[in-house]
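Biologist: Hey, can you pull up that model so we can go through it together?
Modeller: Sure, here it comes.
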Amino acid sequence: MRYSTFALVVMLTAALAAPLMAHHSFAAEYDSKQPVTLTGAVTKIEWMNPHVYFYIDVKDEQTGRVANWAFEMGAPAVIQRNGWTRNSMKIGDIVMVEGTRAKSGANHGNARSVTMASTGKKLGAGSSEGQTPEQ
Amino acid sequence: MQARAFYLSVAFLMFVTPLLSQEGHPLVGTWHGNWGPDQSNRTDLTVVMDWDGKVISGLVNPGFDQAPLQNAKLNPKDWTVHFEIDSKDSSGKTVRCLVDGKIDKLGSDRRTLTGTWNCGAAKADFKLTRDRDY
């Protein structure tokens, strides 16, 4: 019986660990010395816990090349308190993002704010920058 | 014996649930790549596709110059894809583009779509790769 309980705990831990690993502190992934401000068209939105992600195509006007950037926001419940809804941003919307680039140097960042080009409305993105990492 | 069956069931459900969540229409998602008449003349390309259970919809190059997909079809017998868009040629005139391709690496979340991208008399090819979910 004791062995069975242990096996159950191991299985439940394995099942829960993967989603939890997606949650991380700001400092672990982003470099606060690398602020970025980018404007582009929304290509994908992932409204999910623990973080909402959206992706934008940023066009280099000199070369015409397009780079796809991924931006992390806060949890759905957090950004809803900042005025977001699932329909605030749609595929094809032009947005200006202010945020912080990933330490890896990849086209990936943590968004502080998102401004909708069509309306000029600026929404906070629930960034955890400046907060003490969770223990 | 009953305990073993119980734990095997739990383990089975733990692994099957994530696998089931991978199922979906093979075109749904955001695809990036390029198109052009030859390998030295390429233009970056983004296609976003969706499926509502009946119709494939989507956009080519979301943003200022976006074009909605029209007459989009997927043939599941050979995984060929067809869609059309209205685009602008170099003179600004609207031209109908006929896009025909085939899905490869179907089981991968980084599946590819390659084929022809013909706008009016201009013949070109394209290659797209589906973006991985973050």
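Biologist: Let's start with chain B. What percentage of its residues are buried?
Modeller: Keep in mind that this is a predicted model. In chain B, 36% of the 134 residues are buried.
Biologist: Okay, and how many helices and strands does chain B have?
Modeller: You'll find one helix and nine strands there. Going along the sequence, the order is α-β-β-β-β-β-β-β-β-β, with the helix ahead of the strands.
Biologist: What about the outside, how much accessible surface does chain B have?
Modeller: About 8300 Å², and carbon and sulfur atoms account for 56% of that.
Biologist: Switching topic: how many residues does each chain bring to the contact between A and B?
Modeller: Chain A brings 24 residues and chain B brings 19. Together the two chains bury about 1700 Å², with 62% of that on carbon and sulfur atoms.
Biologist: Which residues make the salt bridge between them?
Modeller: That's B:Asp44 with A:Arg65, whose closest N and O atoms sit 2.7 Å apart. The count between these chains is one salt bridge, and there are also seven residue pairs in polar contact.
Biologist: Which parts of chain A touch chain B, then?
Modeller: Helix H1 (2-21) plus strands S1 (30-46), S2 (53-59) and S3 (66-72) of chain A each give at least two residues to that side.
Biologist: And how many residues on that side are nonpolar, polar or charged?
Modeller: On the side of chain A that touches chain B, 12 are nonpolar, seven polar and five charged.

How values were computed: Residues are numbered from 1 along each chain as its sequence is written. Chains are lettered from A and ligands numbered from 1 in the order in which they are written. This is a predicted model: local features need pLDDT of at least 70, side-chain atom pairs count only at pLDDT 80 or more; totals for chains, interfaces and linings use all residues. Side-chain values use heavy atoms; hydrogens and water are left out. Helices (H or I, at least four residues) and strands (E, at least two) are DSSP runs, numbered from the N terminus. Buried means under 20% relative accessible area, exposed over 50%, partly exposed in between (1.4 Å probe, protein chains only). Accessible areas come from the Shrake-Rupley method with a 1.4 Å probe; for residues, only the protein chains shown count as cover. Contact means heavy atoms within 4.5 Å. Buried area is the accessible area (1.4 Å probe) that two parts lose on being put together, summed over both. A salt bridge is a side-chain nitrogen of Lys or Arg within 4 Å of a carboxyl oxygen of Asp or Glu. A polar contact is a pair of N or O atoms within 3.5 Å; within protein, one must be able to donate a hydrogen and the other to accept it, and residues adjacent in sequence count only if both atoms are side-chain atoms. Ala, Val, Leu, Ile, Met, Phe, Trp, Tyr, Cys and Pro count as nonpolar, Asp, Glu, Lys and Arg as charged, and the others, Gly among them, as polar.
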